[in-house]
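Trainee: I should like to learn how to read strands and loops in a protein model. May we work through an example together?

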Amino acid sequence: MARTLILMRHGKSGYPDGVADHERPLAPRGLREAGLAGDWLRATQPPIDAVYCSTATRTRETLAATGITAPVTYEKSIYEASPHALIELARLTDESVRTLLMIGHSPGMPWTAWELAANRDSAAADQLSTKFPTSALAVLEFDRPWADVDPGTGELIHFHVPR
């Protein structure tokens with residue numbers, strides 16, 4: 001059974017004075033683009049079965065703006081996670097989940113997408129390696145159970161920047 005992992009960087013955040021990084025909210029542009037990302041996900045991707053989301057305010061607001069209503073697990077570890085940690089989180093996903101959305105930060109999301117992609121010479125990989133802006137989405141497919149996801153085992157099928 002194929003598995004789909006969607007890695008999303010949070011929307012454009014604001015920088016209010018005196019607000020700690022973890023608590024920064026989305027800027028109006030971030031809310032708009034996260035909404036566009038949700039529209040794109042519903043129009044082009046399989047239904048999302050589960051979401052792992054960083055506990056940061058901007059990632060939680062990004063998820064809300066997408067309108068995705070799948071069950072959510074808020075993971076503090078996503079906040080400054082390495083690709084290794086994010087891949088491990090994907091490996092722990094229940095086998096009943098076919099499509100997983102993970103919402104996090106840079107550099108974790110782009111580095112993880114790059115690590116997982118076997119097709120680094122594709123057009124999608126070329127776009128991803130150039131820039132992974134806010135609200136961007138990397139969609140990877142796997143032909144194996146979540147527990148067997150490893151670097152270089154996914155097919156990067158889409159890289160989308162909602163604008």
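Mentor: We shall discuss one strand and then two loop residues. Please bear in mind that this is a predicted model.

Trainee: Is strand S1 (residues 3–9) largely enclosed or largely open, and why?

Mentor: A residue counts as buried when its relative accessible area is under 20%. In S1, 7 of the 7 residues are buried, so the strand is largely enclosed by the rest of the structure. Both faces are covered: one side carries Arg 3, Leu 5, Leu 7 and Arg 9, the other Thr 4, Ile 6 and Met 8, and all are buried.

Trainee: In which sense do S1 and strand S5 (residues 137–142) run, and how many bridges join them?

Mentor: Strands may pair in an antiparallel or a parallel sense, and S1 shows both. S1 and S5 run antiparallel and are joined by 6 bridges; within this pairing, Ala 138 of S5 is the bridge partner of Leu 7. With strand S4 (residues 99–104), S1 pairs in the parallel sense, over 6 bridges. There, Met 8 stands opposite Ile 103.

Trainee: Turning to the loops, which peptide bond is cis?

Mentor: One looks at the angle omega. The bond from Ser 106 to Pro 107 is cis, with omega near 15°. Pro 107 belongs to the loop between S4 and helix H4 (108–116).

Trainee: What is the phi of Ser 135, and is this residue buried or exposed?

Mentor: Its phi is near 70°, a positive value in a residue other than glycine. Ser 135 sits in the loop between helix H5 (123–130) and S5. With a relative accessible area of 0%, Ser 135 is buried, because buried means under 20%.

Technical notes
Residues numbered from 1 in each chain as written. Predicted model: local features only at pLDDT ≥ 70, side-chain atom pairs only at ≥ 80, totals over all residues. Heavy atoms only, no water. Buried < 20%, exposed > 50% of the residue type's maximum accessible area, 1.4 Å probe, protein only. Helix = DSSP H or I, 4+ residues; strand = E, 2+ residues; numbered from the N terminus. Pairing = 2+ DSSP bridges.
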